[in-house]
Amino acid sequence: MNALIDTASWILLAGGALLSVIGGIGMLRMPDFYTRMHAASVTDTGGMILMLAGLMLQAGLTLVTAKLVFVMLFLLITSPTATHALARAALEDGIEPQVDHDKR
Amino acid sequence: MRYLLGLIIGAATLWLLLSGVYKPIVLGLGGFSVLFCAYVCHRMGIVDRESVPLHLLARVPLYALWLGGEIAKSNWDVAKRIVLPGRRISPTIVRLRAHQSSELGQAVFANSITLTPGTVTVALRSGDAIVHAITADNATDMEGGDMDQRVRRLERPFGAPARREASQ
């Protein structure tokens, strides 16, 4: 049983690490500011959720897991807010997105 | 009154789960700080339906589950576009109507868009969300209005009948 939980936790941690790295590669590969933000949100959501889930399996049913749940909840609320603030600031400052279709 | 009570219960639960030290003096300090915070919020007049959205509580788990699925799908999609060679993006900007009746609902809608990789709400002006999507397909999906509908159902008052308005 323990080995099973450990394996699941390792898979989650490795998956989270992989998604974080992919997000980093995307930040370098994407052509402009706004598309880079999409790459960053892979790290922000997928990477973060998988890693915290892996850590929760390590902690088991303890108060530590409760704290990890709070960390996840708060990140899920604050990270889109920060992303939105960043995008809006960029647009107001006149960084025009390079788009294929503009349907504003 | 129920919002103040909700705030106190919520803050107390948060404190109990974060503390982990349950000695009388620490518990007393915790109780004091919870009540003091509730008092300050009450004095500032910010304890209302918007800051303590009790009416959302029952429907949030189902919505969170659905949103989690969407996040997983779009993570996979964007990760593939990053790793596979060649240009696999077609950045698109669209204007979406946020049909939610409250500002809180519109904020939940805009945040949900931003939370799913591949779409970011760049601006929210007078009920219109300007969304930057990484592909034209993503933008078309958003224009389908599924998320808009779900957030509208989320903020519906309890017991109210389900309204299906034509989204335009």
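Helices and strands are here DSSP runs, of at least four residues for a helix and at least two for a strand, numbered from the N terminus. In this predicted model, the secondary structure of chain A amounts to three helices and one strand, arranged along the sequence in the pattern α-α-α-β. The radius of gyration of chain A is 17 Å, well over the 13 Å that the globule rule gives for 104 residues, so the chain is more spread out than a compact globule. Along its principal axes, the C-alpha trace of chain A spans about 55 × 25 × 20 Å, and 29% of the 104 residues of this chain count as buried.

The UniProt record, an unreviewed entry, annotates residues 7-28 and 48-77 of chain A as "transmembrane region". The table sets out how these spans appear in the model.

| Span of chain A | Distance between end C-alpha atoms | Helix | Strand |
|---|---|---|---|
| Residues 7-28 | 32 Å | 100% | 0% |
| Residues 48-77 | 13 Å | 90% | 0% |

The contact between the chains draws on 33 residues from chain A and 30 residues from chain B. On the side of chain A that touches chain B, helix H1 (2-29), helix H2 (33-59), helix H3 (63-92) and strand E1 (101-103) each supply at least two residues, with the largest share, 11 residues, coming from H3(A). By residue type, that side of chain A divides into 15 nonpolar, 11 polar and seven charged residues. The two chains are also linked by strand pairing, since E1(A) and strand E1 (residues 92-97) of chain B pair in the parallel sense over three bridges; within E1(B), B:Thr92 is the bridge partner of A:His101.

Terms used:
Residues are numbered from 1 along each chain as its sequence is written. Chains are lettered from A and ligands numbered from 1 in the order in which they are written. This is a predicted model: local features need pLDDT of at least 70, side-chain atom pairs count only at pLDDT 80 or more; totals for chains, interfaces and linings use all residues. Two residues are in contact if their C-beta atoms, placed from the backbone, lie within 7 Å. Ala, Val, Leu, Ile, Met, Phe, Trp, Tyr, Cys and Pro count as nonpolar, Asp, Glu, Lys and Arg as charged, and the others, Gly among them, as polar. Two strands pair if DSSP finds at least two bridges between them. UniProt positions are given in the numbering used here, feature names are shortened, and annotations may be inferred rather than shown by experiment. The radius of gyration is taken over C-alpha atoms; the globule rule is 2.2 Å times the number of residues to the power 0.38. A residue is buried if 20 or more other C-beta atoms lie within 10 Å of its own, exposed if 12 or fewer, and partly exposed in between; C-beta atoms are placed from the backbone.
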